Amino acid sequence: MSYQAEIRHRKIAWPKLRHALSIASHEPANLLGALLLMLFSGIILSPVLSVLLNATLVQSGDEGRTDAAEGAFTAYYLLRTLASRMSDLLLWTPLLNTLAVAVSTVVGALVVGITLAWLIHRTDIAGRKGFATLLIVPFMLPSWTFALAWTTLFKNHAIGGQPGWLEAMGIQTPNWMAYGYFPIVVIMTLHYTPLVILIVGNALRRIDSQMEECARVLGASRKVIAFKIIIPLVRPALLSASLLIFADCIGEFALPYILGLPVHFDTLSTSLYRAISTRQSGVAAVIATVIMLMGMITLLLDMKMLREAKRFVTVGGKGVMERRRALGRWRMLAAAVPLTFILIGVAIPLLTLFLSTVMLLPGRFTADNFTLAYWVGHNLDTVALHNGILLTPEFWRTVANTLLIVGSASVTCGVLGLLVGYTVMRCHFRWIAACLRQLTFLPYLVPGIAFATAFLSLFAVARGPIPALYGTPLILILALIAEKMPYASRSGIAAMTQLGKEAEEAAQIAGAGWLARLRRIVIPIQAGPLATGILLPFISGIKGVSLFVILATPATDVLTTYSLRLIDYNYQQAANAVVLMIALISWAGTVMIQKITGTGLADALEN
């Protein structure tokens with residue numbers, strides 16, 4: 001390009017740029033997008049980068065071990081965790097245990113979930129619609145609800161405190177049944193089977209049964225139809241369910257903590273917790289990095305599966321014809337399969353927990369053994385718990401902390417999610433919109449306990465004008481906002497895609513400012529999605545463990561950490577009572593979402 005041509009190009013380009021900037025300056029979404037980008041860079045991206053750096057920087061107190069000054073680069077933590085005499089204890093054995101649990105859970109959940117999804121969705125099984133809703137309940141409950149019910153039944157003499165019901169009745173339970181790999185896999189399978197039912201059931205619902213009919217007419221056997229038609233069509237759903245379950249299992253903390261530690265069955269999450277509790281922050285950073293990488297790789301594979309699923313044009317559409325196989329006289333007998341799952345996954349655990357809270361001695365079903373003392377009693381014969389849960393000030397303090405921390409974070413999440421959706425759809429700078437989409441989704445790729453470790457590494461000490469936040473409710477609120485933003489932002493983006501600019505433009509012409517338009521037009525129209533963006537983080541936060549167990553202190557105890565502390569003190573009845581309260585709140589929140597949105601979790605299984 002000649003010099004004159006370059007001058008002409010600049011003369012043309014500059015007015016265009018100035019015109020674009022002038023237009024952009026009149027759109028508040030552009031400034032809002034820049035502010036949101038700065039906020040999420042601080043509470044999402046910075047903690048993740050911080051934990052990655054801590055794996056390679058000398059931490060306070062380790063100067064003597066590393067022969068380097070604090071803050072200097074070092075390979076000490078990597079070598080200690082990956083290739084030292086302690087590496088088996090710190091990483092490799094927990095990693096193998098984690099993989100064994102995750103793979104076994106995926107296989108178990110797929111086998112049970114596919115069977116139940118097929119019965120509910122492809123047959124005329126008795127009670128089909130009722131089962132379609134009840135089968136989802138185990139996924140609504142905290143996973144450690146089942147762990148506490150399991151210990152109530154099967155706890156043996158391996159640890160102190162009151163025995164389990166079976167041992168109290170004279171039935172000795174072996175360690176492999178009471179603790180470790182077996183109960184963890186069984187409980188995780190019960191908890192994640194509903195996820196398989198939802199995902200695979202939805203795929204089965206959209207398969208046109210006319211393809212199967214054509215195959216039968218051409219003489220294909222049931223085996224050929226299953227392996228040549230049905231399985232290839234639902235394969236993306238199967239892979240997606242498998243990867244989501246696998247990713248969740250990697251970061252699961254409560255189950256290995258309750259059922260694994262008594263027999264030294266460590267997973268990555270409990271190994272990370274031990275490293276933090278023993279102030280090995282550099283080793284903790286390495287373990288957290290391993291967990292984050294595993295979670296990111298798994299969920300990125302899931303995103304790829306979802307993209308590939310859209311290529312199956314034979315699934316869905318108005319021409320879909322769904323036919324169910326008539327079971328005839330087997331309808332009632334087949335109903336025993338989902339009924340058994342509901343009994344094992346819902347009725348027995350909840351009934352066990354409740355009965356344990358009204359028993360003085362475990363496993364004794366006599367009238368004089370039943371009491372409400374652990375709920376409303378006085379002067380209990382225990383060292384630290386003198387009154388029933390409902391009369392204990394500490395319990396109500398944790399309830400207040402929970403409502404304050406989780407409630408504040410959830411409301412903020414919902415508002416920020418709506419603002420993210422507004423910015424993504426209104427911002428003139430596409431790169432800001434793209435960055436906001438990806439940044440707010442990042443916490444979904446990081447298991448909760450690793451994300452909590454990242455937050456701890458960044459905000460445990462003062463950094464510039466930001467004071468040390470550890471031990472304050474603020475660090476829990478910020479961490480919850482960051483961790484739950486994937487739910488809120490996706491809800492906000494989905495809602496804003498359906499809202500055109502016409503109403504806002506009319507209000508702008510009438511002289512309404514941006515805040516007035518937001519308050520009087522956008523928020524009222526998007527009240528439903530806003531409520532969903534608040535309630536989903538609230539329900540998830542109420543029953544969450546991984547985040548709180550790392551960041552909470554006795555002064556900022558919430559219901560989940562309070563119940564775990566009661567377990568540590570062997571106050572089983574009181575801990576079970578707290579868990580039942582958490583389950584009740586979680587269930588009530590789920591019902592509220594269904595009422596507000598007009599849809600339920602089981603809609604994918606129904607006509």
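Is Trp150 buried or exposed? Select Trp150 and find out: at 13% relative accessibility it counts as buried. Keep in mind on this tour that the model is predicted.

**Stop 1: aromatic rings**

Searching the whole structure turns up 14 aromatic pairs. One of them joins Trp150 to Phe182, so add Phe182 to your selection and look at the angle of the rings: the pair is edge-to-face, with 6.2 Å centre to centre and 65° between the planes. This pair links distant parts of the chain, since Trp150 sits in helix α8 (residues 143–154) and Phe182 in helix α11 (residues 181–205), 32 residues apart. While Trp150 is buried, Phe182 is partly exposed, with a relative accessible area of 33%.

Now move to Phe451 and Phe455. Their rings form a tilted aromatic pair, 5.7 Å centre to centre with 45° between the planes. Both residues belong to helix α22 (residues 448–459), where they are 4 residues apart, about one turn of the helix. Phe451 is buried, with a relative accessible area of 0%, and Phe455 is buried at 0% as well.

Before leaving the rings, select Trp150, Phe154, Trp176 and Phe182 together: ring pairs link these four into a cluster.

**Stop 2: the nonpolar core**

Phe455 leads straight to the next view. The largest nonpolar core has 172 residues, and Phe455 is among those with the most contacts inside it, along with Phe40, Trp144, Ile258 and Leu551. Colour these five and you have a handy set of landmarks for the core.

Which residues does Ile258 touch, leaving aside its neighbours within four places in sequence? Expand the selection around Ile258 and you will find Trp144, Ala147, Leu148, Thr151, Leu564 and Ile567 in contact with it. Trp144 is thus on both lists: a contact of Ile258 and one of the residues with the most contacts inside the core.

**Stop 3: salt bridges**

Side chains of opposite charge can pair when their charged atoms come close. How many salt bridges does a search of the whole structure find? The count is 6.

Start with Arg65 and Asp62. They form a salt bridge in which the closest N and O atoms are 2.4 Å apart. The two partners differ in their surroundings: Arg65 is exposed, with a relative accessible area of 54%, whereas Asp62 is buried at 8%.

Next, show Glu394 and Arg397. The closest N and O atoms of this salt bridge are 3.8 Å apart. Both residues lie in helix α20 (residues 393–426), separated by 3 residues, about one turn of the helix. Glu394 counts as partly exposed at 29% relative accessibility, and Arg397 counts as partly exposed at 33%.

Then select Asp557 and Arg565, whose salt bridge has its closest N and O atoms 2.3 Å apart. Asp557 is buried at 4% relative accessibility, while Arg565 is partly exposed at 21%. Keep both of these pairs on screen, for Glu394, Arg397, Asp557 and Arg565 are linked in a network of salt bridges.

**Stop 4: two backbone spots**

Most residues other than glycine have a negative phi, and most peptide bonds are trans. Two residues here are worth a look with that in mind.

Select Asp67, where phi is near 55°, a positive value in a residue other than glycine. Asp67 is placed in the loop between α3 (63–66) and α4 (76–83), and it counts as exposed at 72% relative accessibility.

Now jump to His264, which has a positive phi of about 60° although it is not a glycine. His264 lies in the loop between α14 (254–260) and α15 (268–277). At 70% relative accessibility, His264 counts as exposed.

**Last stop: cysteines**

A disulfide is a covalent bond between the sulfur atoms of two cysteines. How many disulfides are counted here? The count comes to 0, with a pair of cysteine sulfur atoms needing to lie within 2.5 Å to qualify. To finish, select two cysteines: Cys249 is buried at 5% relative accessibility, and Cys427 is buried at 3%.

Technical notes: Residues numbered from 1 in each chain as written. Predicted model: local features only at pLDDT ≥ 70, side-chain atom pairs only at ≥ 80, totals over all residues. Heavy atoms only, no water. Salt bridge = Lys/Arg side-chain N within 4 Å of Asp/Glu carboxyl O. Buried < 20%, exposed > 50% of the residue type's maximum accessible area, 1.4 Å probe, protein only. Helix = DSSP H or I, 4+ residues; strand = E, 2+ residues; numbered from the N terminus. Core = buried A, V, L, I, M, F, W, Y, C linked by side-chain atoms within 4.5 Å. Contact = heavy atoms within 4.5 Å. Phe/Tyr/Trp six-rings, centres within 6.5 Å; stacked < 30°, edge-to-face > 60°.
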